[in-house]
Amino acid sequence: MKKKSLNKPFLFREGFKQNAIVFFLSFMIVLSSQSGVFAATGNQEKQDGTISGIVSDSQGFTLPGVNVIVTGTTLGTTTDIDGKYTIENLTAGQTLTFSFIGMVSQELDPATATSFDIVMLDDAQGLEEVVVVGYGSMQRKQITSSVSTVDSETLEKKAATTPMQLLQGKVAGLTISRPAGSDPTATPSIIIRGNTSLQEGATEPLIIVNGVEVSSMDIVSPEDIETFSVLKDGSAAAIYGSRGTNGVIIITTKEGKTGKATVEYSGYASFEQVYNKPDFLTADEYRALGNKLSVKTGSASTDWYNKMLQTSRNYTHNVAISGGSAKTNYRASVEYNDVTGIVLESFKKRLNGRININHKAINDRLNVKADLSASQTRYRAPDYNAFRSAVTMDPTQAVYNEDGSYKHFSKRFIDNPVAKIKDKTQDNAHKILLASMYADFKIIEGLKLGGRLAWKIEDWNIGEYESRMSEKSLENSESGYAKREARFSYRDNYELNANYRKQIGKHEVSGMVNWTYEKDIYETMLMENRGFASDAFLYNSIESGSFLKDPDQSNYKMDTYKQKVELESYRARLVYSYDNKYMFTGSVNREGSSVFGKNNKWGTFFGLSGGWTITEENFMKDITEINYLKLRIGYGETGNAGAPPYASLARIGQEFLSYNFRGKPIVAYGLTNNPNPNLEWEKKAEINLGLDFAILDNAIDGSIDVYRRKTSDLLYLLDAALPSAVNDKVLVNIGDLYSEGIELNLNTRNIKTEDFIWTISFNAAYNQGKVEKLDLQAGTSYFLEDITDLGAIYKIEEGEPFGNFYGKRFVKIDENGKWVFKDLKNSDNKEILGNGTPKYLIGLTNNLKYKNFSLDIFFRSALDFKIINQGRMFYEKNTTVFPETNIYATSGRNGLTEAPQYSDYYLENGDYIKLENISLSYDFDVANINYLSSARLYVSCSNVFTITNYSGLTPDLTVGGLRPGSDGLNFHPVSRTFTIGAAIKF
């Protein structure tokens with residue numbers, strides 16, 4: 001088939017497609033507005049029944065929070081803390097459905113029931129649970145791919161400033177790390193099943209919120225999340241085509257429920273405490289060393305590191321209102337988050353609002369959903385470079401001069417770190433607006449046609465000013481520095497889809513077809529200037545700076561940029577099940593992207609998976625120890641569209657050279673990019689074999705997954721052949737990556753009595769990969785990464801994994817204080833020293849409940865990896881560098897007299913076990929308080945302690961990318977967080 005171009009008109013004329021969808025949804029909304037006519041007829045029926053009872057489990061314990069719904073409607077309620085429920089106005093012929101997470105749903109027919117009390121049975125693996133799998137949902141018993149879910153019941157037990165903190169350690173194969181520690185403005189690093197790309201920043205999973213892709217998690221309040229679905233293998237993620245290689249995280253937010261209006265409040269207050277600092281010389285130790293070496297030191301005693309800290313606090317409040325009728329339900333929430341970081345002047349203030357409305361009309365054939373969310377965040381990030389200055393500053397010098405002004409140390413080319421922060425003003429704002437509307441209409445029984453419109457608008461407004469009296473301004477005679485930057489991002493998303501479901505006897509078939517068009521526009525504006533007469537206007541009068549007007553000055557900047565990316569997809573999925581024993585799922589996605597070369601705009605991605613529920617076979621009926629056993633196998637092909645826009649095209653831009661014509665400068669333009677018409681996305685093919693199980697009366701359940709995958713056509717910015725090329729770099733597809741792994745999820749119900757329940761959730765993952773092929777230059781099969789003052793640290797080569805440390809092998813320090821390295825008799829006397837990627841990742845959660853008390857204890861661990869301690873390498877020096885810089889307290893103990901050299905001497909084992917969180921909560925008995933449904937109070941501590949032999953601040957570093965295990969020189973503090981919170985439902 002001839003490949004098509006995504007240039008104008010991009011298959012269909014964009015205006016026609018958008019207008020068609022707008023018309024389609026508008027037509028459905030008009031129909032919805034007439035729903036009162038249709039609804040009125042149904043409401044004329046006589047209401048004649050009230051049903052009440054108690055819901056309990058198989059051991060006789062009452063169950064609060066069970067959903068009791070009038071079958072086929074959204075009318076219903078939930079059981080109270082004593083398991084009691086009441087349904088009023090039940091019409092003759094109607095039945096009730098009882099559902100609860102982890103238990104088998106049951107149906108009650110009041111006309112034939114002898115009792116309205118219900119006993120619910122444990123549901124191994126949550127088989128009746130509906131799981132969002134991308135462009136639709138399935139019952140868990142039908143899923144044949146590797147999909148993990150985390151529900152709101154688990155999420156409510158943990159306070160978090162970002163939604164991804166809720167997932168940390170909960171899903172095997174999903175790694176979430178916060179290398180910036182307590183920085184409230186930092187984005188967590190997320191990776192699923194290890195590295196998949198050579199491109200920096202191209203290993204993050206796709207994140208979907210209510211069907212719409214998002215790039216920032218600020219748009220979602222943790223308290224608003226109902227479930228996470230993590231699509232890990234290729235057969236599950238294939239439906240997302242060129243965006244599915246790194247896995248997919250689907251977030252579903254809470255919606256209103258039928259019944260009386262409810263008001264929920266949740267909030268907490270927390271503070272941080274630094275518990276690990278770098279071990280540099282104190283003022284007294286510094287003076288003692290100065291006296292020993294006859295070096296003059298100061299008389300002050302300054303803990304520069306402590307001067308970089310401030311009292312932290314975090315206040316979060318969330319209020320939600322929800323409710324609804326049989327036809328319409330709604331939920332609205334507002335969250336305010338105010339964080340003062342532990343680092344001087346750092347903060348984050350976020351205000352989030354969300355409202356969603358669901359409406360049924362035309363005898364429930366038409367379903368319309370609208371979702372609107374908005375977020376505004378103001379923040380200032382910590383200055384990481386200032387921390388580097390703080391640890392190397394002379395502790396015998398004061399922060400201030402006698403007149404109260406900041407003391408400067410320009411002769412040492414090191415800024416006063418306190419002055420560096422205080423002399424700078426930063427005001428950053430980030431706003432997001434996300435709106436979506438979805439509608440579907442049931443044409444005939446089992447067949448629905450639907451569509452979605454979604455818009456996302458983001459803007460960043462950045463202002464920065466550095467005082468005229470700052471050390472940098474004085475050193476460079478700049479008289480102040482001002483910066484103003486604006487960034488804008490717009491996303492349009494349009495979908496049309498059809499869903500069909502039919503059951504004939506023991507056969508069940510469902511299918512989905514979908515068309516999606518997405519357009520992303522991103523633009524920036526930047527202004528910088530220097531030379532101000534006054535600090536009064538900060539960054540609000542950039543034009544008044546003299547550098548912009550001085551023809552002899554070049555140290556100013558004006559810059560604008562704009563880009564557009566388009567994506568179009570045609571996808572389909574077929575699901576078949578026979579007697580709940582044999583299941584098959586197939587999906588295909590034909591997708592085109594404007595990012596890639598004209599010869600490779602389109603690609604086809606597909607997934608195939610099958611399942612066999614072994615316990616449904618007759619030969620398993622007598623094996624009572626095994627309650628559930630399902631075998632899964634899947635194969636999928638996905639892509640990674642990690643290339644920047646226009647990388648495949650020849651581009652024209654301004655050159656550095658200019659020419660003088662009749663006394664006026666003429667700017668020259670020329671080619672700035674090497675075209676590559678064959679540029680295409682990275683491709684991943686993955687096979688997954690899984691086993692879901694439950695044994696011993698469902699006391700133990702879990703899953704095991706084994707996978708192998710190959711990523712081909714790896715993207716990399718390679719050195720171009722000069723002089724024929726116009727630029728020294730060109731983005732090309734250069735190689736293949738192979739990886740494999742094993743994942744285990746295990747849940748145990750150890751003790752369950754009337755007063756005490758103890759459960760454990762355990763997950764472990766092993767991943768190992770290697771680079772199979774690199775098409776670099778003739779005779780070259782590797783490249784070096786992370787060039788420092790002491791040389792390259794990593795080697796990426798064929799046949800080896802990412803993250804290999806490459807350098808000299810340390811033998812000893814001789815009697816003269818000289819380095820002695822192993823003689824390897826090769827060209828550079830270097831070899832592979834270890835690897836910075838953990839092979840094993842483990843999470844363990846203990847849940848203990850005694851009466852109304854609950855105790856949750858969460859551990860996580862990473863094993864079998866190395867860390868390069870750059871702090872030691874640069875600052876555990878011999879005393880010859882003293883007093884130019886402060887040094888580690890351990891300096892000189894090894895007898896070294898030479899300058900540091902990169903070798904495995906500075907490589908340390910990174911293995912650790914961390915008590916990530918411990919939380920104690922109490923659920924109040926509110927049965928006798930009419931206006932309260934529930935009330936919970938909790939206290940928790942995060943980052944409690946870490947057991948490790950690593951001597952740096954923390955071994956919990958970024959796992960993905962080409963430089964894993966690199967502990968850099970930011971020295972950001974490691975802190976422990978204490979929290980007290982409450983959740984109340986009225």
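This section describes the nonpolar cores, salt bridges and a nonpolar surface patch of a predicted model.

The largest nonpolar core comprises 40 residues, among which F805, I868 and F971 have the most contacts inside it. Elements that each supply at least two residues of this core are the helices α7 (304–307), α8 (384–392), α9 (417–422) and α11 (870–875), together with the strands β39 (791–797) and β42 (819–821). Helix α8 gives the most, with 4 residues. A second, separate core has 25 residues, including I192, I207, I251 and L434.

Across the whole structure, 53 salt bridges were found. In one of them, the side chains of D371 and R354 meet with an N to O distance of 3.0 Å. D371 belongs to strand β21 (residues 366–380) and R354 to strand β20, so this salt bridge ties together parts that are 17 residues apart in sequence. Both D371 and R354 are buried.

A salt bridge is also formed by E466 and K424, whose closest N and O atoms are 4.0 Å apart. Because E466 lies in strand β23 (residues 447–466) and K424 in strand β22 (residues 424–444), the pair ties together parts that are 42 residues apart in sequence. E466 has a relative accessible area of 10% and is therefore buried; K424, with a relative accessible area of 15%, is buried.

The side chains of R632 and D705 meet in a further salt bridge, at 3.1 Å from N to O. This pair links distant parts of the chain, with R632 in strand β29 (residues 626–640) and D705 in strand β33 (residues 700–712), 73 residues apart. Both R632 and D705 are buried. In addition, R193, K232, K684, E686 and E743 are linked in a network of salt bridges.

On the surface, a nonpolar patch of about 990 Å² is made by V263, V319, I321, Y330, I355, I357, L372, L433, I457, Y490, Y931 and F986. Strands β18 (313–324) and β20 (347–361) each supply at least two residues of the patch. I321 is located in strand β18. Its relative accessibility is 40%, so I321 counts as partly exposed.

S216 occupies the loop between β14 (212–213) and β15 (225–231). With a relative accessible area of 13%, under the 20% limit, S216 is buried. A polar atom of the S216 side chain lies 3.2 Å from the backbone nitrogen of D218. Leaving aside residues up to four places away in sequence, S216 touches H430, I432 and E458.

How values were computed: Residues are numbered from 1 along each chain as its sequence is written. This is a predicted model: local features need pLDDT of at least 70, side-chain atom pairs count only at pLDDT 80 or more; totals for chains, interfaces and linings use all residues. Side-chain values use heavy atoms; hydrogens and water are left out. Patches are made of residues with over 30% relative accessible area and no salt bridge: like charges are joined within 9 Å, nonpolar side chains (Val, Leu, Ile, Met, Phe, Trp, Tyr) within 5 Å. Accessible areas come from the Shrake-Rupley method with a 1.4 Å probe; for residues, only the protein chains shown count as cover. Buried means under 20% relative accessible area, exposed over 50%, partly exposed in between (1.4 Å probe, protein chains only). A polar contact is a pair of N or O atoms within 3.5 Å; within protein, one must be able to donate a hydrogen and the other to accept it, and residues adjacent in sequence count only if both atoms are side-chain atoms. Contact means heavy atoms within 4.5 Å. A nonpolar core is a set of buried Ala, Val, Leu, Ile, Met, Phe, Trp, Tyr and Cys residues joined through side-chain atoms within 4.5 Å.
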